[in-house]
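Hi there,

Here is the structure I promised to pass on to you. Have a look at it first, and then read my notes underneath.

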Amino acid sequence: MLRQVAAVTIALMTVAAAILPTGAVAKDRGNFVTEFGKTRPPIGYVRFCAENPRECHSVTLLNPRLKLTPEHWNDLYRVNTKINTTIKPATDEELYGKAEHWTYPETAGDCEDYLLLKKRVLEAIGFPASSLLITVVMDENNQGHAVLSVAADSGDYILDNRRNDILTWRETSYRFLKRQTQRDPRQWVSLDGSGAVATAALATTSGE
């Protein structure tokens, strides 16, 4: 896997840079998603942490939200684009014969697998783990989906395997349900103030 991360990191340099903001992004309160309190993580993530405890450790020194620079923007775009085009979409049923299995993809995977690899590669090139948060949403078809949120000083930005451009959370068409906390990736918070319970497999927690 280390060779895979190195190969992806090197390959990023060959991808054209995105047309992204080159200066400071104006801070807008609406760019920050609201958190509503503790909730349970998806069962797939619970199992992933049981199998990969080193990938789910808490942060000893909490970094402030990432201060986005033009270099950060380009890195985010290159990582998102490279992994989106390198990994082929496939369901867990197709790959593993089970409804939910979170893992680092080799050649194919589903939404959680894409974001796990993006998170690992970004951390390898210097992004703080506390700014890269696994996030569960409901898509336009009311289906569970997972994306990687980047907690930045100017807002929450979304890396999605369904698109290469990077949007703020409110620019997406998703309903945001829950995500990891910055302090401890094993602790999750609700992003849905209605208290509704998602029924999609991805969004179902170990106790629901």
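Let's begin with strand E8, residues 175–180: 5 of its 6 residues are buried, so the strand is largely enclosed by the rest of the structure. Please keep in mind that this is a predicted model.

Which strands does E8 pair with? One is E4, which pairs with E8 in the antiparallel sense over 4 bridges. Another is E9 (residues 188–190), again antiparallel, over 3 bridges. To find your way around, try Arg179 in E8: Arg179 is the bridge partner of Thr135, and in E9 the bridge partner of Arg179 is Val189.

Now follow E4 to another partner. Strand E4 (residues 132–138) runs antiparallel to E5, and 7 bridges join the two. You can spot this pairing at Val137, whose bridge partner in E5 is His145. E4 and E5 form a hairpin with 5 residues between them, and in the turn Asn142 has a positive phi of about 60 degrees.

Is E5 largely enclosed or not? Of the 9 residues in E5 (residues 144–152), 8 are buried, so the rest of the structure largely encloses this strand. E5 also forms a hairpin with E6, this time with 2 residues between the strands. These two run antiparallel and are joined by 5 bridges, with E6 covering residues 155–160. A handy place to look is Ala151, which stands opposite Asp156 in E6.

Next, the helices. In H2 (residues 43–51), the buried residues are Gly44, Tyr45, Phe48 and Cys49. Looking down the axis of H2, you will see these buried residues fall within an arc of 135 degrees, so they line one face of the helix. Ala50 and Glu51, on the other side of H2, are exposed. And what covers the buried residues of H2? The cover includes helix H5 along with the strands E4, E8 and E9, so you will meet some names from above again.

Finally, a residue I'd like you to look at is Asp113, which lies in helix H5 (residues 111–124). Asp113 is buried, yet it has no salt bridge. How far away is the nearest side chain of opposite charge? That side chain belongs to Lys98, and it is 11 Å away, whereas a salt bridge would need the charged atoms to be within 4 Å. Which residues does Asp113 touch instead? Leaving aside neighbours within four places in sequence, Asp113 is in contact with Asp92, His101, Trp102, Thr103 and Pro105.

Enjoy exploring, and write back with any questions!

Best wishes

Conventions. Residues are numbered from 1 along each chain as its sequence is written. This is a predicted model: local features need pLDDT of at least 70, side-chain atom pairs count only at pLDDT 80 or more; totals for chains, interfaces and linings use all residues. Side-chain values use heavy atoms; hydrogens and water are left out. Buried means under 20% relative accessible area, exposed over 50%, partly exposed in between (1.4 Å probe, protein chains only). Two strands pair if DSSP finds at least two bridges between them. Lys and Arg count as positive and Asp and Glu as negative; His and the chain ends are not counted. Contact means heavy atoms within 4.5 Å. The arc is that of the directions from the helix axis to the C-beta atoms.
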